[in-house]
Amino acid sequence: MRYVVGYTENDRGQDALELATSLALTQSAGIDLVTVLDWPQDGSAAPGSRRAQEALDRARDSVPDGVEVTTHVRLADSFAQGLLETAHDVDAGLIVIGASTNGLLRRYTVGSVANGVLHSSHVPVALAPRGYRHRAEFTRMTCAVGTRAGAEGVLDVAVESAARRGLPLRLVSLVALDVHEPSDSGEAINKAHQHAHSVLARAVERLPGGSEASIIVAHGRTIEEAIDDIEWDAGELVIVGSSRLAQHRQIFLGATASKMLRALPVPMVVVPRDWVRTPS
């Protein structure tokens, strides 16, 4: 398994590198560290390519021994395009990027690069929150469960990923009460609990014997408030699915995933629709 990591020598690039390192340590995967430069208009060598390679070399040298790192200076019309092309060329199972530098500490603000990758990628995309510095193996896998089309596929990915890594699996169901009439809120929470426990039962059936699995139903006036009420481990990884509006094997962030993205203090992996290969 290989991970393509969008890297620039700044905090956002460091966030992505830290997340990719944690993933690689957990999965024994290789890292393809990529910087993308604009195509020169006159066909000459790309300005800044030497400095970009030197920055990649410094980043590679900072990765712990035992993690294979290959560096790439890529020419493309955009940073997002360069990452997508590299992911295709190396048959990557995941693209890792950092949040925009304008976000609040440990919160996501999706910038132009992340937005371009998220809406064009055919492989899962891992997003590191700003200030992410957990350079160690992951300790728990969390899957956001829902009732819309594609939810079962995301559960399959989460179960397989947790089982392969030997990690506890936690299922999270979020209820935003601001979309319900006050008289309907109790019924919405009750339905969420019923659905969540049925999903948990299906997950337990698919997990190897002795695996740990749990469920939590969180609610608040908004999705963001519900997320803030949940306890998150430093070594947690959250898996979510694409919107039902996404094309086959592509990513499109729906309203709930976008709200989660703004509030989560831990990394999120967004899985394309109809994805059949598990993210690692």
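Q: Helices (H or I, at least four residues) and strands (E, at least two) are DSSP runs numbered from the N terminus; with that in hand, which residue follows α3, and what is its phi?
A: That's Asp91, with a positive phi near 55°. Asp91 sits in the loop between α3 and β4.

Q: How do you know what kind of model this is, and which residues count?
A: It's a predicted model, where local features need pLDDT of at least 70, side-chain atom pairs count only at pLDDT 80 or more, and totals for chains, interfaces and linings use all residues. Residues are numbered from 1 along each chain as its sequence is written, and side-chain values use heavy atoms, with hydrogens and water left out.

Q: What makes the phi of Asp91 worth a second look?
A: Asp91 isn't a glycine, yet its phi is positive, about 55°. Most residues other than glycine have a negative phi. Ser28 is also a non-glycine with a positive phi, about 60°, and Ser28 lies in the loop between α1 (11-27) and β2.

Q: Why is Asp91 called exposed?
A: Exposed means over 50% relative accessible area, buried under 20%, and partly exposed in between (1.4 Å probe, protein chains only). Asp91 has 51%, so it counts as exposed. Ser28, at 69%, is therefore exposed too.

Q: Why is Arg170 called buried?
A: Its relative accessible area is 7%, so Arg170 falls under the 20% cut-off. Arg170 belongs to strand β7 (residues 169-176).

Q: What makes Arg170 and Thr142 a polar contact?
A: The term asks for a pair of N or O atoms within 3.5 Å; within protein, one must be able to donate a hydrogen and the other to accept it, and residues adjacent in sequence count only if both atoms are side-chain atoms. Here the side chains of Arg170 and Thr142 are joined at 3.4 Å, so the pair qualifies.

Q: How do you know that the charge of Arg170 sits over the ring of Trp232?
A: The rule wants NZ of Lys or CZ of Arg within 6 Å of the ring centre and within 35 degrees of the ring normal. The charged end of Arg170 is 5.0 Å from the centre of the Trp232 ring, so the distance part is met, and the pair is listed as a charge over a ring. Trp232 is also one of the residues that Arg170 touches, along with Cys143, Ile216 and Glu236 among others.

Q: What does Val159 touch, and what makes that a contact?
A: Contact means heavy atoms within 4.5 Å. Leaving aside residues up to four places away in sequence, Val159 touches Leu169, Ala203, Arg206 and Leu207. Val159 and Ala203 are 44 residues apart in sequence, but 6.5 Å apart in space, C-alpha to C-alpha. Val159 lies in helix α5 (residues 151-165), and at 5% relative accessible area it is called buried.

Q: How do you know where the buried residues of α3 lie on the helix?
A: In α3 (residues 79-89), the buried ones are Phe79, Ala80, Gly82, Leu83, Thr86 and Ala87. Seen down the axis, they fall within an arc of 165° (the arc of the directions from the helix axis to the C-beta atoms), so they line one face. The face turned away carries the exposed His88 and Asp89. Those buried residues pack against β1 (2-6), β2 (30-38), β3 (69-76), β4 (94-98) and α4 (112-118).
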